[in-house]
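Colleague: I'm new to reading models like this one. Please choose a single part, take me through it closely, and show me how it fits into the whole.

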Amino acid sequence: MKETRKLLLILLGIVISLVAFTQDFKAAAQKEMQKMSFMIGEWQGEGWVMTPGGKEFSSVNEAISYDLDSTVISLRGVGMADKDGVEVKVHDAIGVLYFDPFQRKFGMSSWISKGMHTDANVELLGEGKLKWWFEAGPAGTIRYTMTIANNEWVEIGEMSQDGENWRQFFEMTLKRK
């Protein structure tokens with residue numbers, strides 16, 4: 001009987017510790033994610049991406065919102081282009097921006113409709129400015145830099161095989177709706 005009580009007290013202590021521990025993570029994540037509030041909203045504009053056939057232009061919509069009790073940010077982007085008089089979806093992506101309390105840094109996981117997934121590094125460069133990047137195999141490193149000021153979002157995408165020489169392949173300019 002005494003051993004059962006001891007075991008129950010130990011289990012109760014573990015449960016209480018875990019609850020307190022997760023609450024600290026939640027508060028830390030919410031505090032850090034608040035630094036990304038400049039992104040929140042509905043955005044609309046235009047962009048281009050370099051393809052083997054040249055620049056491909058599209059209209060772009062981005063929906064950015066807090067999720068999971070403001071511990072992450074959900075991103076949803078869709079690009080539409082006119083192909084011979086028909087509107088065609090040329091970009092379809094979702095992402096989750098998060099703060100990792102163990103590593104004390106931001107990260108982002110994203111997926112595109114072509115069946116590809118990326119886990120990216122994220123760096124907050126200051127109010128309204130963000131950089132994210134990932135290794136893309138033989139293509140080298142791909143990085144995106146976004147600046148949001150006066151309700152305008154400007155983002156460029158660049159790639160480098162050596163980490164020193166960068167070539168722009170993407171740009172978009174959006175306005176907050």
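Modeller: Let's start from the outside: the chain exposes about 11200 Å², and carbon and sulfur atoms supply 56% of that area (Shrake-Rupley method, 1.4 Å probe; for residues, only the protein chains shown count as cover). Keep in mind that this is a predicted model, in which local features need pLDDT of at least 70 and side-chain atom pairs count only at pLDDT 80 or more, while totals for chains, interfaces and linings use all residues. Residues are numbered from 1 along each chain as its sequence is written, and side-chain values use heavy atoms, with hydrogens and water left out.

Of the 177 residues in the chain, 34% are buried (under 20% relative accessible area, with a 1.4 Å probe and protein chains only). The chain holds one helix and ten strands, and the helix comes before the strands when you read from the N terminus (helices are DSSP runs of H or I with at least four residues, strands runs of E with at least two).

The ten strands form a closed barrel in the order 1-2-3-4-5-6-7-8-9-10, with antiparallel pairing. Strand 1 (residues 41–51) pairs with strand 10 (residues 167–176) over seven bridges (DSSP must find at least two bridges for a pair). In that pairing, Q44 has K175 of strand 10 as its bridge partner.

Next comes the largest pocket, with about 1100 Å³ of space. Here a pocket is an open set of points on a 1 Å grid over the protein atoms alone, where a 1.4 Å probe fits and protein lies on both sides within 12 Å along at least five of seven lines; lining residues have an atom within 4 Å of a point. The lining counts 44 residues, and H91, A93, I112, W132 and Y144 lie nearest the centre. Strand 4 (residues 86–100) gives the largest share of that lining, eight residues.

Now for the part I'd like you to look at closely: L130, which sits in strand 7 (residues 129–135). L130 counts as buried because its relative accessible area is 4%. Beyond its neighbours within four places in sequence, L130 is in contact with M36, F38, M39, V122, E123, L124, L125, Y144, T145 and M146 (contact means heavy atoms within 4.5 Å). Take M36 from that list: M36 and L130 are 94 residues apart along the chain, yet their C-alpha atoms are separated by 8.8 Å. Y144 is worth a second look too, as a contact of L130 and one of the residues nearest the centre of the largest pocket.

Conventions. Buried means under 20% relative accessible area, exposed over 50%, partly exposed in between (1.4 Å probe, protein chains only). Grid points are joined across faces, edges and corners, and a volume is the space filled by probe spheres set on the points.
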